Amino acid sequence: MDDKPLPEKAHAKPVRLRYGDFIREVNLRQQQLSYNQLTPHLEPDLDGQYKDYRPGQFSLSKIEIARLIGPYVGVKFIEQARSVVPLAIYLALFQLLLLRSTIADSWLITFGLFAAICGLMLFMEGLRLGLMPFGESIGNNLPKKSPLWLVLTIAMLLGIGVTFAEPAIGALQSAGAIVDVNKAPYLWVLLNEWTDVLVLCVGAGVGLATVLGTLRFLQGWSLKPYIYATVIPTLALTIHLSANDDLRVVLGLAWDCGAVTTGPVTVPLVLSLGIGIAAAAGKGNSSLSGFGIVTLASLFPVIAVMSLGLYVASTITAAEIIAAAGQITTQASEPNWWEHSPATEIIGGIRAIVPLVLFLFFVLRFILNERLRETNIVLLGLVLCVLGMIVFSLGLTYGLARLGAQSGGTIPAAFTLVAGVEASPLYSLMIGICIAMVFAWVLGFFATMAEPALNALGMTVETLTSGAFKKRTLMLAVSTGVGVGITLGVLKIIFDLPLGYLLVPGYTVALILTWLSNEEFVNIAWDSAGVTTGPVTVPLVLAMGLGFGQAVSAVEGFGILSMASISPIIAVLGTGLVVQRKAQLRTRQLEQQLVEKAE
């Protein structure tokens, strides 16, 4: 017990209770048991020695199981609902009150949101029980039993596997149906004909980032050279694609892919592998050893997708894509049963999780010759992972994607004519655009504040900086940055601004601030962009951007997530410089006071 005095509120006046009432409560709520009922009955053997006691199988009734599991499930459900329900209520109220528009398919969307919460709850619990033990065990044992080349090869393959298992990657794959092939042929072909190759390239980018991040852990290298060596070529490719009218529309997809990859599967599994390798090599004791790999995992996929776009452009012309798409439309037949919902979500959930699990099991059993402890719990976790992915995919299809697309398609009615919205535009041009900007900022700010990963990052940062960078300061900086980023993304769609005009100056400022900042603030700032793109925020914002783009007849609606990634980096780096400056001034003041006392 702690010897600290209790707070004043704890010293409440005692409550008077009749002795009869006390006896009644004791008799009702307590049951006497004989000690003999609590001790096992031991049987002697032929030599007169007692046999070893082996307890029988523990069994519970259905009511007892419900009482035992109910509170735990309730806590987990509320944990996920906190990031979904407030956003859904905000979008619904905004649409009803300011846009004076009803919500179509409200019951279906409600079912979808409930399925998304339940699926995410099951998936996160399965991730903790089933997939995480694989990552930790492999990370701890791999460098001890394997040469470096094999360690890096497995890290590369793991990076590819976790990308396919990301819940938000389904939102990216489902975006192809919205793109108009006549306006953006290369974007259409990447999202429809090259979907698997696109995800594979994104996974290869994550895998390469995992390899380099692991090498950084082992060698103890600074993150700054990695950032310079990655961001500068990425910006050069961005400028190159911006000069091509056909490939310019691919930029939004490429930069949004970087945001999609840093989700609830990639970050914990890749980090557990990298930190485990560093710890096994005796170099995992640094307080910053866990930072940096998320940054690389969000930048390398951007390069991979832009490179894929250049390759596709070199093999097929835009006219050939449009002609081929016309033939596909003409020859379109009734889809097979597995291409309908919910079969699509079931097959997709199995394809996302099972290959990754088989790969992890192969590495653990046949390469490391290790066995998992508590196999039954791990198997339960894997079942929950698959089931959670399937249920979440259904929630994504019927809830988050529908709600985001509907909100994105309705908001432009505030300032322009939108089919299906009576009396649109509802406001003048300037007022309507201001309403759209306020909507975007509030959505980004509060969606980020609700992210559990941001709370965890804030606590870690406050500990590592010895309280100099407060948790609340970091959360406000990141959330404000995301709000500003989503607002800029919406303005990009409204005014059809080239994405390169926003990204190149933004990342240039980030590079300058990186050069001026300390290593610890650089690690914190660049990784903070990864925690803003959760499994709820990504599908919602992505669907909203695409719906917004359709409503204003934009070529494409990508780019909002990319702006939501760069803005918090700048915000945290700027805040870090302020914190650093205040700490320096405080140190100088203390030195002056000591000098004055000494004199």
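The following exercises, each with a worked solution, concern a predicted model.

**Exercise 1. Salt bridges within and around helix α4**

Determine which residues are linked with Glu125 in a network of salt bridges, and where Glu125 and Arg128 lie.

Solution.
- Step 1. A salt bridge requires a side-chain nitrogen of Lys or Arg within 4 Å of a carboxyl oxygen of Asp or Glu. The side chains of Glu125 and Arg128 meet this condition, with an N to O distance of 2.5 Å.
- Step 2. Helix α4 holds both Glu125 and Arg128, which are three residues apart, about one turn of the helix.
- Step 3. The network of salt bridges links Lys76, Glu125 and Arg128.
- Step 4. Buried means under 20% relative accessible area. Glu125, at 11%, is therefore buried, whereas Arg128 is partly exposed at 45%.

**Exercise 2. A pair between a loop and a helix**

Establish what parts of the chain the salt bridge between Glu370 and Lys145 ties together.

Solution.
- Step 1. The side chains of Glu370 and Lys145 form a salt bridge at 2.3 Å, N to O.
- Step 2. Glu370 is in the loop between α14 (343-367) and α15 (375-410), while Lys145 is in helix α4, so the pair ties together parts 225 residues apart in sequence.
- Step 3. Glu370 is partly exposed, with a relative accessibility of 22%; Lys145 is also partly exposed, at 43%.

**Exercise 3. Arg248 and Asp245**

Classify Arg248 and Asp245 as buried, partly exposed or exposed.

Solution.
- Step 1. The side chains of Arg248 and Asp245 meet in a salt bridge of 2.8 Å, N to O.
- Step 2. Arg248 has a relative accessible area of 32% and is partly exposed.
- Step 3. Exposed means over 50%, so Asp245, at 58%, counts as exposed.
- Step 4. The count of salt bridges in the model comes to five.

**Exercise 4. The span and burial of helix α10**

Compare the span of helix α10 with the expected value, and state how many of its residues are buried.

Solution.
- Step 1. Helix α10 covers residues 250-261, twelve in number.
- Step 2. From first C-alpha to last, α10 reaches 17 Å, close to the expected 16 Å.
- Step 3. Twelve of the twelve residues of α10 are buried, among them Trp255, Asp256 and Cys257.

**Exercise 5. Positive phi values**

Locate Arg100 and Asp496, and describe their phi values.

Solution.
- Step 1. Most residues other than glycine have a negative phi.
- Step 2. Arg100 has a positive phi near 50 degrees, and Asp496 has one of about 55 degrees.
- Step 3. Arg100 occupies the loop between α3 (62-98) and α4 (106-145), and is exposed at 54%.
- Step 4. Asp496 occupies the loop between α18 (471-494) and α19 (499-516), and is exposed at 52%.

Notes. Residues numbered from 1 in each chain as written. Predicted model: local features only at pLDDT ≥ 70, side-chain atom pairs only at ≥ 80, totals over all residues. Heavy atoms only, no water. Helix = DSSP H or I, 4+ residues; strand = E, 2+ residues; numbered from the N terminus. Buried < 20%, exposed > 50% of the residue type's maximum accessible area, 1.4 Å probe, protein only. Expected span 1.5 Å × (residues − 1).
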